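Biologist: Could you take me through one part of this model closely, beginning with a single residue and working outward to what surrounds it? I would like one connected account rather than a list.

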Amino acid sequence: MPKKDVSLVVCDIDNTISDTFNLWGEALDKAVDDLAALHKTDRKTMEETLLAAVPENNRGSSGPLLGINIRADIAQTPALQGNTPEEKAFFEKEHEKIIHNWQKKRDEAVLFKGVLPVIQKIKAAGAKFVLYTDARESGCLPRLAKLGINPDMIDALYVQPDKEGMKITPFAVKSELSEFKKAMQGKIFRLPAHSSKPNAENMANILKDFGISADKTVMAGDNIRCDGGSAAAVGASFAWQKQGAEVTEATRRCYARFAANPNYKIGIDAHLSQMNETNKPEFVLENGFADLSKYCRFVSAQKSDEKTLSFALLKRLGNSAGKG
């Protein structure tokens with residue numbers, strides 16, 4: 001089969017270029033086990049104790065009920081605090097050890113094998129590489145800063161805005177975040193609130209911004225419904241990052257208990273159950289994102305250099321700069 005000429009790669013982030021979901025699951029799974037051991041109870045009882053303390057206004061959230069910030073999860077659970085000053089001091093000290101280990105695991109941010117060489121091929125050919133995520137800005141940027149992608153390799157980042165008063169995921173990146181944000185200035189575009197994938201308007205605007213047609217565009221992602229639906233909405237090709245759809249037993253266990261969302265499937269079989277003729281992948285990346293270059297020939301993007309950027313993108317760049 002001949003390779004497809006591609007001038008624009010629109011790429012998901014989490015579980016497409018880096019393993020994010022499994023880090024959440026494995027970090028939370030270990031923390032719950034450690035809490036159960038510390039408080040001399042069984043796993044099921046600890047799960048019920050933590051869930052019982054989740055604020056009512058968080059229960060309607062589409063995100064995980066626990067594991068975004070384990071420090072906050074512990075602090076909001078009265079049963080874990082101890083009854084005497086001595087118990088409170090003891091548990092506070094021991095909780096810090098659990099939180100430290102959780103944080104260390106959550107702070108891991110590594111690109112899947114072969115991702116960087118493919119991005120380098122895309123850029124060397126003069127094609128455009130765009131990141132498009134449903135992640136919130138405050139959660140997405142620290143991970144990107146730690147992944148080691150040169151901001152010059154990213155032509156634009158389309159990201160969901162933070163909610164006012166939302167919990168912010170702690171993430172230790174030291175100086176990397178500020179340097180990354182500085183280098184990305186003018187290339188971060190906040191999407192309309194509540195416009196999660198698949199969203200035809202968002203995807204159409206990305207193509208319009210770069211002045212590149214759908215037949216020269218490929219959307220790469222792990223989620224068949226969300227990423228495949230986004231590609232189908234504009235008639236672009238969809239490359240399914242099958243590797244990113246794989247989940248560990250720890251992640252599967254935590255998701256079923258703390259984050260089950262009927263609109264979000266985990267695991268290869270579950271993703272395949274959402275496949276239909278409209279979102280069916282044109283390319284299946286069996287060995288991960290690195291397989292993209294097996295199916296695509298990256299070619300220079302017309303009307304996309306600094307002098308000939310589409311009017312729409314120039315306008316959005318100006319608006320973005322104006323927002324700081």
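**Leu157 and its surroundings**

Modeller: In this predicted model, Leu157, leaving aside its neighbours within four places in sequence, is in contact with Ile13, Leu131, Thr133, Cys140, Leu141, Leu144, Met184, Lys187, Ile188 and Phe189. One of these contacts, Leu131, is also the bridge partner of Leu157, which lies in strand 4. Strand 4 (residues 156–160) and strand 3 (residues 128–136) pair in the parallel sense, and four bridges join them. The two strands belong to an open sheet of seven strands with parallel pairing, in the order 5-4-3-2-6-7-8. At the edges of that sheet are strand 5 (188–190) and strand 8 (283–284), each of which pairs on one side only.

Turning from the sheet to the packing, Leu157 and Leu131 are among the residues that touch the most other members of the largest nonpolar core, a group of 38 residues in which Val9, Ile17, Phe289, Leu292 and Phe298 share that standing. Strands 3 and 4 are among the elements that give two or more residues to this core, as are helix 5 (115–124) and helix 6 (137–147). Helix 6 gives the most, with five residues. A second, separate core holds 27 residues, including Trp24, Ile70, Ile74 and Cys254.

As for what lies over these strands, helix 8 (residues 200–210) lies across strand 2 (8–11), strand 3, strand 4 and strand 6 (217–221), and runs at about 150° to strand 3. Helix 9 (residues 224–234) lies across strand 3, strand 6 and strand 7 (237–240), running at about 155° to strand 7.

Key
Residues numbered from 1 in each chain as written. Predicted model: local features only at pLDDT ≥ 70, side-chain atom pairs only at ≥ 80, totals over all residues. Heavy atoms only, no water. Pairing = 2+ DSSP bridges. Contact = heavy atoms within 4.5 Å. Axes fitted to C-alpha atoms, helices over the stretch in contact; angles between N-to-C directions. Core = buried A, V, L, I, M, F, W, Y, C linked by side-chain atoms within 4.5 Å. Buried < 20%, exposed > 50% of the residue type's maximum accessible area, 1.4 Å probe, protein only.
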